[in-house]
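Trainee: I should like to study the structure below by question and answer. May we begin with the terms that its description requires?

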Amino acid sequence: GALLVSERIDREELCGALSPCALSFEIVVENPLELYSGAVEIQDINDNDPVFPSSQARLEISESVAAGARFPLESAQDPDVGINSLQTYQLSANPHFALDVQTRVDGSKYAELVLEKELDREEQRELHLVLTALDGGSPPRSAHVQIHIDVVDANDNAPVFNQSTYKASVRENMPGGTLVARISAYDLDDGPNGDIVYSFSSHTPAKVRELFALDSATGELKVKGQLDYEEMKLYEIYLQAKDKGAVPGVAHCKVLVEVVDVNDNAPEVTVTSVYSPVPEDAAPGTVVALLSVTDLDSHNNGLILVQVSDVNDNVPKSSQDSYDVYVLENNMPGIPILNVSATDPDLGRNAHLSYTLLQGDPTVGHLFSINRENGTLYLLTSLDHEDQVEFSMVVQVQDGGSPPLATNVSVSVFVTDLNDNAPTVLHPHPNTTATYTDVVAPGTPAGHMVTKVVAVDADAGYNAWISYTLLQATDPSLFSVGLHSGEIFTARQLREDDAPQHTLVILLKDHGEPVLSASATVSISVAEMVKEVLTDLTDVAPANDPRRHVTFYLILAVILVSAAFFITMLSVGIFKCYKWRQSKELFNSSRSTLYRTPGPFHHIDAVRGGFTPPNFCHQVYLTTDSRQSDLLCKKPFTSSPLGSRQSTIRNGEPGLYHQIVGTASRLPTPAE
């Protein structure tokens, strides 16, 4: 039962850097049947010296480098493990540099030079240092490297990495050329001083350089050799970036590469038969063979798994039942506005989700589109807030099972307003060719409203809030405009020496960003009577209008017809009144004992009976082109009990207006 060594054992050859180093074995004992497992641990001795990659190292350091700068040095390698491995570094005495020994995540050591006192090229052009690597053996083994430092002028700017530590993961079975990480540095210098070259740092182990390759131009770190999770789970790679200046600036970074285990090892089943043949009368429970199963993979890759087939029994679930999306109007067509997110806990095809828009509203299909694979909702055309403010649609999320299961998500898209519409003037109308003039009488006091500028803005909210300011005026001191109402008031009392005609330019601005504006022109005449205004308007009319004679005859005809009508109605009224009084006298004389007062007449009965009311107004309106006609205006001397109507002058509307206004009052009874 003695276990003997059959040949010389070299721990470094058997296990490399793994510690502890153990060799396992199994022993089967018969009669009685027993199985024993054992292991022999190979202990390390300090039989290897630390070794530097080269006996000399050269560094170029600028005199402008500030104190505290670090410079990585070549790392020594010692195949021993534990206390016998490389433990520390020592640096020869000097006034400028100190040594900082760092420990990697795997326990290995590396050294960096730390500048404690700034260099001066005029004082000392070069330095010679000795770096010593020591292991922990007794006595310790060592190795030396000569460091030659050239003090030269450096670039003004050294390369800078966008991050000091990069993290990446790669599967152990990835082929050569697979991208692991991409490092990036920038240099503010121009020309060669700004061109960056990427490389491995000097203390990067040779094993790492065999497994990974670095593109010196792009900074891409790729797989070079065959990675094995069972051999090494994490690599700590040190990289540097140098510019191409005469004295290159250097920046350093670290890349942590995690090797992800894949199921690349089949289970190993060992069958040890110890009882064969088996008698036919062997009792139940008799040991026939011993089986052991091992798998070098880790975690789930090392189990013997029982797979459960999936059934499509889960409906896709969205992170939200509804979405509200706000989009600015006048958008660029084709932009993504929403990503509908859903999950399905099923596996395989049962969990493959597809997204579709349900065509409830036909306009939605022309305006919106959804990516069937990832649920990104796109806007196909530009929207207008003034055209439509809200769109509603339903997105259906369906899995790939058989039969498929689906869920619906409602989406509301709200179009927010931009200030893309300038104010529009409604009064006075800006596109008419005729001149609209408002009239104000001389002596009008301050604060009298003359007219009002009416405008609208198609935008909404604050973008549609219009303010009015007086931009130009014939007499700026005479009129003022309401800031938010657009009403034009007299700023002071009108005097006789004021100009008879005034032109106001009103500036209309909204409150959007940017501000949009429009202008309105208002003409105001200062006149005592309407006739003066007509005379002024006649003066500005064309002199050679061929229709002026026709207008004169039309007005004359209307006046004659109106006069004849007035005389006829007056005659009929007098005649009817005379007949009525005569009939009443006959009635009263024929009845001496019985007297009955007739009831009152309504004004409608008086008109039916041919009675003409005493208050009558006949007005004739002339166009601005009728300069050869006279204005005929008849007004009642007394006010009407039922009210009267006042006429206004309409400017810029050619034609003839004829208006007769009458008022009837109740007739007195015979008793009255």
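Mentor: Two strands pair if DSSP finds at least two bridges between them. Helices (H or I, at least four residues) and strands (E, at least two) are DSSP runs, numbered from the N terminus. This is a predicted model, in which local features need pLDDT of at least 70, side-chain atom pairs count only at pLDDT 80 or more, and totals for chains, interfaces and linings use all residues. Residues are numbered from 1 along each chain as its sequence is written, and side-chain values use heavy atoms, with hydrogens and water left out.

Trainee: How many helices and strands does the protein chain have?

Mentor: Of the 672 residues of the protein chain, 34% count as buried, where buried means under 20% relative accessible area, exposed over 50%, and partly exposed in between (1.4 Å probe, protein chains only). As for its elements, the chain has six helices and 41 strands.

Trainee: In what order do the strands of the open sheet with edge strands 11 and 14 run?

Mentor: Strands of a sheet pair through backbone hydrogen bonds, either parallel or antiparallel. Four strands form this open sheet, and the pairing is mixed. Strand 11 (165-171) and strand 14 (196-200) each pair on one side only. The order is 11-18-17-14.

Trainee: Which residue stands opposite Glu 236?

Mentor: Strand 17 covers residues 234-243 and strand 18 covers residues 250-260. These two strands pair in the antiparallel sense over nine bridges. Opposite Glu 236, in strand 18, stands Leu 256.

Trainee: Which element gives the largest share of the largest nonpolar core?

Mentor: A nonpolar core is a set of buried Ala, Val, Leu, Ile, Met, Phe, Trp, Tyr and Cys residues joined through side-chain atoms within 4.5 Å. The largest has 28 residues, and Val 255 and Tyr 235 are among those with the most contacts inside it. Elements that give two or more residues to this core include helix 2 (206-211) and strand 17. The largest share, five residues, comes from strand 18.

Trainee: Is Thr 451 buried or exposed?

Mentor: Thr 451 has its place in strand 32 (residues 449-452). Leaving aside neighbours within four places in sequence, Thr 451 is in contact (heavy atoms within 4.5 Å) with residues including His 427, Asp 438 and Val 522. Because its relative accessibility is 8%, Thr 451 counts as buried.

Trainee: Over how many bridges do strand 34 and strand 37 pair?

Mentor: Strand 34 (467-473) is one of the edge strands of an open sheet of four strands in the order 31-38-37-34, with mixed pairing. Within strand 37 (residues 501-509), Leu 504 stands opposite Ala 473. The two strands pair in the antiparallel sense, and the number of bridges is six.

Trainee: Which cysteine does the disulfide join to Cys 15?

Mentor: A disulfide is a pair of cysteine sulfur atoms within 2.5 Å, and by this rule the count comes to one. The torsion about its S-S bond is about 65 degrees, so the disulfide is right-handed. Both of its cysteines are buried. With an S to S distance of 1.8 Å, the partner of Cys 15 is Cys 21.

Trainee: Is Cys 577 buried, partly exposed or exposed?

Mentor: Cys 253 counts as buried, at 3% relative accessibility. Cys 577 has a relative accessible area of 30%, so Cys 577 is partly exposed.
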